Amino acid sequence: MWYHKPAVNEELLQSLPNLKVVASAGVGIDHLDMKLLSSYGVKVSSTPFIVSTDTADMGMALLLASSRRLVEGHEMAVSPETEYFPADWLGVEVSGATLGILGMGKIGYKVAKRAKAFEMKILYHNRNQRKKEEECAVGAVYCKKIDDLLQQSDFVLLAVTLTPQTHKLIGKRELELMKPTATLINISRGLVVDQDALVEALQNKVIKAAALDVTYPEPLPRDHPLLKLKNVIITPHIGSATKKTRWVMMEEMTESIEAGLAGLPIPREVL
């Protein structure tokens with residue numbers, strides 16, 4: 001499966017009685033009905049490890065692009081109407097700013113490593129607190145409550161898995177807890193954010209900006225209000241989209257399929 005296609009539903013499963021394995025590209029499996037697949041005796045694999053480095057890079061790229069207003073700057077630089085560059089066209093400093101990471105798994109931790117190199121202060125919230133030596137390695141401080149992280153962060157980066165518990169994790173209340181100068185960055189899943197609440201928060205300057213690699217749906221309808229806002233950067237879900245990573249993802253998917261067909265243990269099986 002690439003980009004959640006084909007849709008693995010009951011109709012498909014009934015039409016493929018000999019199906020043994022579904023190999024899904026990427027780390028998230030929120031698009032799969034695991035109970036349904038299990039009832040048909042179909043096993044599932046994903047590619048959770050290879051995507052973390054590139055996705056962490058994407059998180060930092062969005063943070064930097066938003067803080068320094070790179071998209072707006074590019075548009076200004078290439079516009080045929082530009083006659084001069086205004087001296088008061090300013091971005092936001094990254095060095096010394098506070099980054100709050102929601103979800104300190106493989107991706108979130110690699111983001112923290114990169115943020116440390118930019119001399120950022122790092123807060124994080126996770127289901128489980130990291131080991132002290134892991135926290136010290138990146139200078140991260142654990143926030144038991146999400147609210148504490150939201151109130152203190154200049155940048156809030158979402159790297160959580162989409163589950164019933166994280167569905168619309170960031171809504172109107174959470175956005176209002178953030179600083180009016182804060183930026184929301186989402187590299188997880190679109191449904192982790194209440195998009196209607198986000199649009200309202202951006203329009204009313206409840207928060208400063210947003211940088212999103214994921215939305216719902218994907219792509220957004222062409223008349224969606226998020227596409228009209230100057231303080232938003234949206235990219236087409238390309239967190240893992242590098243040549244090397246996509247090649248390895250395909251190799252891992254093929255390996256899982258071959259193992260499943262041979263009756264062998266499936267590498268990276270999702271249980």
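**A friendly note on cores and rings**

1. A good place to start is Arg-130, whose charged end sits over the ring of Tyr-109, 4.5 Å from its centre. A charge sits over a ring if NZ of Lys or CZ of Arg is within 6 Å of the ring centre and within 35 degrees of the ring normal.

2. Please keep in mind that this is a predicted model, in which local features need pLDDT of at least 70 and side-chain atom pairs count only at pLDDT 80 or more, while totals for chains, interfaces and linings use all residues. Residues are numbered from 1 along each chain as its sequence is written, and side-chain values use heavy atoms, leaving out hydrogens and water.

3. Searching the whole structure turns up one aromatic pair. Tyr-124 and Tyr-142 form this tilted pair, 5.2 Å centre to centre with 55° between the planes. For Phe, Tyr and Trp (its six-membered ring), rings pair if their centres lie within 6.5 Å; planes under 30 degrees apart count as stacked, over 60 as edge-to-face and the rest as tilted.

4. Tyr-124 is buried at a relative accessible area of 0%, whereas Tyr-142 is partly exposed at 22%. Buried means under 20% relative accessible area, exposed over 50%, and partly exposed in between (1.4 Å probe, protein chains only).

5. The largest nonpolar core has 30 residues, and Leu-198 is among those with the most contacts inside it. Such a core is a set of buried Ala, Val, Leu, Ile, Met, Phe, Trp, Tyr and Cys residues joined through side-chain atoms within 4.5 Å. A second, separate core of 28 residues includes Tyr-124.
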